[in-house]
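Here are some short exercises on aromatic pairs and cysteines. Have the sequence and the 3D view open, and try each task before reading its solution.

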Amino acid sequence: MKFKSVEEIENAVRKIADEMNIEIIEIAPKISKNPSLTFFIDTEGGVDLDTCEKFHNAIDGVLDELDPSYGEAYTLNVSSPGIDRPLKTARDFERCVGKDVEIKLATPLQGKKYIESKLVGYDENNVVLNDGKGEKDYKLPLTKIEKINEAIKFD
């Protein structure tokens, strides 16, 4: 089994997402015993089950026409990226500037594989962090980060 490219699939449904004010965070094709195509979406006010269902119904016909799996059966899923979603898009990073983030590093940095820090900026190659212990901000290349997400705080 094979899926068409994520870019081709996204281009097919982009207009619908824009009309519904939905941001497509990620499209994840899964080739396995039970193949699936999962859309992770977000909106300004968050995502609920109704939003997922409406988007699913809206893109179903377009995807049938596109035939992203070249005639093979697959399951279409639409989901929220979740509370611990990784930061991937420019909008994700913008939303988290000034907030604490949790970072899992690809390789240890000063003996640590996990760090928590305040995100104070970013560009396409780096995040700018401040751990609150010192007054200096520091850059961390995105290539050194395995996963970065907003820190989850429970009061």
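The exercises below use a predicted model.

**Exercise 1.** Classify the pairing of the rings of F39 and F55, and locate both residues.

*Solution.* Start with the whole structure, where a search finds three aromatic pairs. For F39 and F55, the ring centres are 6.0 Å apart. Next, take the planes: they meet at 70 degrees, so this pair is edge-to-face. Now find the residues: F39 sits in strand β2 (residues 36-42) and F55 in helix α2 (residues 49-66), 16 residues apart. Finally, check accessibility: F39 and F55 are both buried.

**Exercise 2.** Do the same for F93 and Y122, then decide whether each is buried or partly exposed.

*Solution.* The centre-to-centre distance is 5.3 Å and the planes are 25 degrees apart, making F93 and Y122 a stacked pair. F93 belongs to helix α3 (residues 90-96) and Y122 to strand β5 (residues 112-122), so the pair ties together parts 29 residues apart in sequence. With a relative accessible area of 7%, F93 is buried. Y122, at 28%, counts as partly exposed.

**Exercise 3.** Work out how many disulfides there are, and describe the surroundings of C52 and C96.

*Solution.* Recall that a disulfide is a covalent bond between the sulfur atoms of two cysteines. The cut-off to apply is a sulfur pair within 2.5 Å. For C52, the nearest cysteine sulfur is that of C96, 19 Å away. C96 is likewise in no disulfide, and the count comes to zero. As for accessibility, C52 is buried at 8% relative accessible area, and C96 is buried at 0%.

Methods: Residues numbered from 1 in each chain as written. Predicted model: local features only at pLDDT ≥ 70, side-chain atom pairs only at ≥ 80, totals over all residues. Heavy atoms only, no water. Phe/Tyr/Trp six-rings, centres within 6.5 Å; stacked < 30°, edge-to-face > 60°. Helix = DSSP H or I, 4+ residues; strand = E, 2+ residues; numbered from the N terminus. Buried < 20%, exposed > 50% of the residue type's maximum accessible area, 1.4 Å probe, protein only.
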